[in-house]
Amino acid sequence: MFSIVNRGKEKKIFSVFLNNLMMIEEEYIRLIFGLKLKQIRTEKNLSLFGLAKMTGLSKSYLNEIEKGKKYPKRDKIVLLSEALETTYDQLVSLKLDKNLAPIGEILQSRILKEIPLDVFGIKESDLIDIIAEAPVKVNAFISTLFEIAKHYNLTRESFFLAALRSYQEANNNYFEEIELQVEKFAKAYSLDLNKRLNSKDFEEILVEEYGYTIDNDELTQHKELNNLRSVFVPNSKTLLVSSETDDSQRMFIYAKEIAYNFLNITDRLFTFSWIKFDSFDQVLNNFIASYFAGALLIPRKSLVASLKTFFDKKTFSTNDFQMLMDGFTDSPETFYQRLTNVLPKDFNLKNLFFLRFSYKPERGDFQLTKELHITNLLEPHANERNEHYCRRWISLKTIQDLTETTENHVLDSQISSYNHTDNEYFVISSATKDPFRKGYYRSIAIGIMINQHSLSRIAFLQDEKIKRRKVGVTCESCSISDCLERVAPPKNLERKARFLQTDMVVKEIMEKYR
């Protein structure tokens with residue numbers, strides 16, 4: 001009985017797969033035909049109106065063909081080939097000339113289906129129109145993107161995460177709909193958001209309301225899963241949680257599971273932290289669940305009220321900031337992430353950045369594993385050239401300080417002035433041992449640009465006791481000559497100086513022989 005049922009399921013799955021494959025092939029054929037038709041028509045300086053008059057086909061019908069929405073029948077293809085003075089075989093062939101070949105590769109690879117165009121209000125047909133209008137220029141642009149992607153070894157996951165980051169930045173990382181859903185959930189389950197919740201509150205809801213079984217032993221028995229904190233098995237609704245998780249991690253895991261259920265999200269990831277994404281929808285849904293969890297653990301109204309009191313202080317104290325954070329969570333990352341939601345919305349502090357660095361002493365290099373820039377691409381930002389980040393950043397200093405102490409948490413701050421701009425930022429950073437990777441350390445930092453608005457909202461920014469440092473971006477591009485923290489020569493600046501010198505001599509010679 002079991003094998004018969006399985007075979008039936010396999011046949012059904014295979015049938016669905018074939019149907020999807022046929023749909024993909026049909027759509028690809030329509031798009032290619034439309035591109036070729038529009039290219040040939042454009043090359044002959046023929047308008048849609050003119051082609052309609054020559055063939056007797058309506059202009060709207062031809063427009064739908066060129067946009068890949070319809071594929072003409074044989075007799076209509078014959079009319080088109082005769083009007084455009086080309087052969088039937090050439091028109092229906094999937095082989096593209098060199099101007100359209102890279103575009104064909106993109107369409108065939110289905111990358112346009114992978115890009116979350118709808119999130120940014122873009123239609124695939126709009127891109128097809130752009131491609132068909134200027135295929136040579138688009139070809140060059142696409143080829144350039146391919147080269148950049150190969151040079152920087154961009155992965156599918158990094159592309160998805162970059163798209164998500166752009167989506168967050170476009171919305172100032174504040175999402176009213178999710179905030180309202182959190183309040184709705186709290187009301188439905190009689191949770192007092194003015195009080196700090198605990199993991200038992202969430203565990204009871206998962207078990208009693210959503211039928212979960214929670215297992216705290218299974219993951220620990222598999223050394224290959226040391227980096228995972230949880231795995232959800234949907235068929236049995238079993239949530240496997242590592243016994244090594246602390247209470248703040250467990251609360252976040254539970255809160256995300258609640259989000260998936262309360263928001264009816266089914267296309268989701270089943271591991272924390274994630275292993276791989278199959279689609280952008282999973283990336284977006286993972287973000288939505290994480291945002292919900294953060295908003296549930298650190299309620300907006302309570303946080304805003306506490307921040308207003310904190311920002312009214314004339315002097316800054318790391319102890320005061322630690323107490324503020326401890327009032328909501330034991331997780332610095334959850335707290336700093338939540339600040340990126342409320343600061344732009346409730347304080348209009350939109351010129352800010354969030355950074356997460358990872359560090360392993362044996363390797364000696366700092367890796368920027370997460371970043372977010374609200375409003376602008378503010379310094380510092382990731383570089384993909386394996387250069388050395390400025391060791392004067394408080395983000396890196398807190399990690400280095402942590403490796404030299406027995407403390408579990410190092411918290412520090414400074415005002416950073418970038419040597420190549422007039423920008424200054426108040427940056428606060430927390431460093432802890434990485435809870436997901438043994439032997440690693442990490443720091444979480446948030447930076448707020450110092451300008452007239454931030455000075456008016458945060459009184460302690462004028463505190464002269466806050467330490468100030470001149471910083472660069474990378475050692476290779478830094479002009480600070482007396483930097484004791486430098487770990488690499490300023491080769492980028494040296495190369496630029498050589499080019500300027502060469503250019504100057506060439507101009508002198510040209511002037512001499514003019």
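Q: Is R41 buried or exposed?
A: Happy to start here, with the note that this is a predicted model. R41 is found in helix α1, which spans residues 2-43. Its relative accessible area is 9%, and the cut-off for a buried residue is under 20%. So R41 counts as buried.

Q: Which residue offers its backbone oxygen to a polar atom of the R41 side chain, and at what distance?
A: Leaving aside neighbours within four places in sequence, R41 is in contact with L46, S47, L48, L51, E66 and L84. One of these residues places its backbone oxygen by a polar side-chain atom of R41. The residue is L46, and the distance is 2.7 Å.

Q: How far apart in space are the C-alpha atoms of L31 and K70?
A: Helix α1 also holds L31, a residue that counts as buried at 4% relative accessibility. Along the sequence, L31 and K70 are 39 residues apart. In space, C-alpha to C-alpha, the separation is 8.8 Å.

Q: What share of the contacts between residues at least 6 apart in sequence joins residues at least 24 apart?
A: Let's step back to the whole protein, which has 20 helices and 10 strands. Of its 514 residues, 45% are buried. Among contacts between residues at least 6 apart in sequence, the share that joins residues at least 24 apart is 65%.

Q: What kind of aromatic pair do Y167 and F175 form?
A: The search of the whole structure finds 31 aromatic pairs. In this one, the ring centres of Y167 and F175 are 5.4 Å apart, with 35° between the planes. F175 is also buried, at a relative accessible area of 7%. The pair is tilted.

Q: Why is the pair of F262 and F292 called tilted?
A: These two rings link distant parts of the chain: F262 is in helix α13 (residues 247-262) and F292 in helix α14 (residues 280-297), 30 residues apart. Their centres lie 6.3 Å apart. Planes under 30 degrees apart would count as stacked and planes over 60 as edge-to-face. The pair is tilted because its planes meet at 45°.

Q: What is the relative accessibility of F292?
A: Its partner F262 is buried, with a relative accessible area of 19%, and the cut-off is under 20%. F292 counts as buried too. The value for F292 is 0%.

Q: Which tyrosine has the charged end of R74 over its ring, and which one has R437 over its face?
A: For R74, the charged end sits 4.6 Å from the ring centre. For R437, the distance to the ring centre is 3.8 Å. The tyrosine under R74 is Y88, and the one under R437 is Y440.

Q: Which helix gives the largest share of the lining of the largest cavity?
A: There are six cavities of 30 Å³ or more, and the largest has a volume of about 110 Å³. The elements that give two or more residues to its lining are α15 (300-311), α16 (318-326), α17 (332-346), β8 (424-433) and β9 (441-449). The largest share is three residues, and the helix that gives them is α15.

Q: Which residues lie nearest the centre of the largest cavity?
A: The lining has 13 residues. Two residues of this lining, F311 and F321, also belong to one aromatic cluster, together with F310, F316, F328, F335, Y336, F347, F426 and F460. Nearest the centre of the cavity are F311, F321, L339, I428 and I448.

Q: Which peptide bond is cis, with omega near 5°?
A: A handy place to look is the loop between β4 (271-272) and α14, where S273 lies. The bond in question leads into S273. It is the peptide bond from F272 to S273.

Q: What is the phi of K237 near?
A: K237 lies in the loop between β2 (230-233) and β3 (238-241). At 34% relative accessibility, K237 counts as partly exposed. Its phi is positive, in a residue other than glycine, and is near 55°.

Q: Where is N348 found?
A: Phi of N348 is near 55°, a positive value in a residue other than glycine. N348 is partly exposed, with a relative accessible area of 39%. Its place is the loop between α17 and β5 (352-359).

Notes:
Residues are numbered from 1 along each chain as its sequence is written. This is a predicted model: local features need pLDDT of at least 70, side-chain atom pairs count only at pLDDT 80 or more; totals for chains, interfaces and linings use all residues. Side-chain values use heavy atoms; hydrogens and water are left out. Rings of Phe, Tyr and Trp (its six-membered ring) pair if their centres lie within 6.5 Å; planes under 30 degrees apart count as stacked, over 60 as edge-to-face and the rest as tilted. Buried means under 20% relative accessible area, exposed over 50%, partly exposed in between (1.4 Å probe, protein chains only). Helices (H or I, at least four residues) and strands (E, at least two) are DSSP runs, numbered from the N terminus. A charge sits over a ring if NZ of Lys or CZ of Arg is within 6 Å of the ring centre and within 35 degrees of the ring normal. A polar contact is a pair of N or O atoms within 3.5 Å; within protein, one must be able to donate a hydrogen and the other to accept it, and residues adjacent in sequence count only if both atoms are side-chain atoms. Contact means heavy atoms within 4.5 Å. On a 1 Å grid over the protein atoms alone, a cavity is a set of points where a 1.4 Å probe fits but cannot get out, and a pocket is an open set with protein on both sides within 12 Å along at least five of seven lines; lining residues have an atom within 4 Å of a point. Grid points are joined across faces, edges and corners, and a volume is the space filled by probe spheres set on the points.
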